[in-house]
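Thanks, everyone. Let me put the structure up, and then we'll walk through it.

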Amino acid sequence: MINVVLTDDHPVVRAGLRAVIDSEPDMHVVEEFSTAEALLAHVRSGGRADVLLLDLQFGPGRLGGADATRQIVQAGGPPVLILTTYGSDSDILTAVEAGATGYLLKDAPTDELASAIRAAAAGSVTL
């Protein structure tokens, strides 16, 4: 079973992601957060996860997904899969340079999301 932690500032997005992930026979959402700061606290406290699904932007004054990814990777945390609406080359490059295992747009088909989570759990890169 792949344990997934969701982090997105939109409750409806988290609910949709949870529905998709929990419908897969080999995946389960174990936790969800609305800020990257809360996710970092979870990782630093030893919270369990095989894959972290993380948005890229959380609004003014909030830690962004790329910076959170960098801190998670430096701390030896689980693989990070960025799921966002921002698809520019600079956004992708920033996330990948920070250590993200994958980068997927929110308009991707649900089967691509499931495949990307499996790939991240296996240590493969998904772009």
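Start on the surface. Val-96, Val-125 and Leu-127 make a nonpolar patch of about 310 Å². Keep in mind that this is a predicted model.

Take Leu-127 from that patch. Where does Leu-127 sit? Leu-127 is in the segment after α5, and α5 covers 110-121. Is Leu-127 buried or exposed? Its relative accessibility is 68%, and the cut-off for exposed is over 50%, so Leu-127 counts as exposed.

Now its partner, Val-125. Val-125 also lies in the segment after α5. Its relative accessible area is 62%, so Val-125 is exposed, too.

What does Leu-127 touch, if we skip neighbours within four places in sequence? The contacts are Ile-92, Val-96 and Tyr-103. Val-96 is a name you have heard: it belongs to the patch.

From Leu-127, look across to Ile-82. In sequence, the two are 45 residues apart. In space, their C-alphas are 9.5 Å apart.

Ile-82 takes us inside. A general point before we go in. In soluble globular proteins, nonpolar side chains tend to be buried together.

Here, the largest nonpolar core has 22 residues. Which of them touch the most other members? They are Val-5, Leu-39, Leu-52, Leu-54, Ile-72 and Ile-82. Several elements give two or more residues to this core: β2 (27-33), α2, β3, α3 (65-74), β4 (80-84) and α4 (89-98). The largest share comes from α2, with four residues.

There is a second, separate core as well. It has 18 residues, including Ile-2, Leu-6, Leu-104 and Ile-117.

Back to Ile-82 for its contacts, again not counting residues up to four places away in sequence. Among them are Leu-54, Ala-95, Tyr-103 and Leu-104. Leu-54 is on the list of best-connected members in the largest core. Leu-104 is in the second core. And Tyr-103 is also in contact with Leu-127.

Last stop, Asp-50. Find Asp-50 in the loop between α2 (36-44) and β3 (51-54). How accessible is Asp-50? The value is 32%, between the 20% and 50% cut-offs, so Asp-50 counts as partly exposed.

Beyond four places in sequence, Asp-50 touches Met-1, Ile-2, Asn-3, Pro-78, Pro-79 and Ala-121. Ile-2 is one of the second core's residues.

Compare one more pair. Asp-50 and Ile-92 are 42 residues apart in sequence. Their C-alphas are 22 Å apart in space. Ile-92, remember, is a contact of Leu-127.

That's the tour. Questions, please.

Note on methods. Residues are numbered from 1 along each chain as its sequence is written. This is a predicted model: local features need pLDDT of at least 70, side-chain atom pairs count only at pLDDT 80 or more; totals for chains, interfaces and linings use all residues. Side-chain values use heavy atoms; hydrogens and water are left out. Buried means under 20% relative accessible area, exposed over 50%, partly exposed in between (1.4 Å probe, protein chains only). Contact means heavy atoms within 4.5 Å. Patches are made of residues with over 30% relative accessible area and no salt bridge: like charges are joined within 9 Å, nonpolar side chains (Val, Leu, Ile, Met, Phe, Trp, Tyr) within 5 Å. Accessible areas come from the Shrake-Rupley method with a 1.4 Å probe; for residues, only the protein chains shown count as cover. A salt bridge is a side-chain nitrogen of Lys or Arg within 4 Å of a carboxyl oxygen of Asp or Glu. A nonpolar core is a set of buried Ala, Val, Leu, Ile, Met, Phe, Trp, Tyr and Cys residues joined through side-chain atoms within 4.5 Å.
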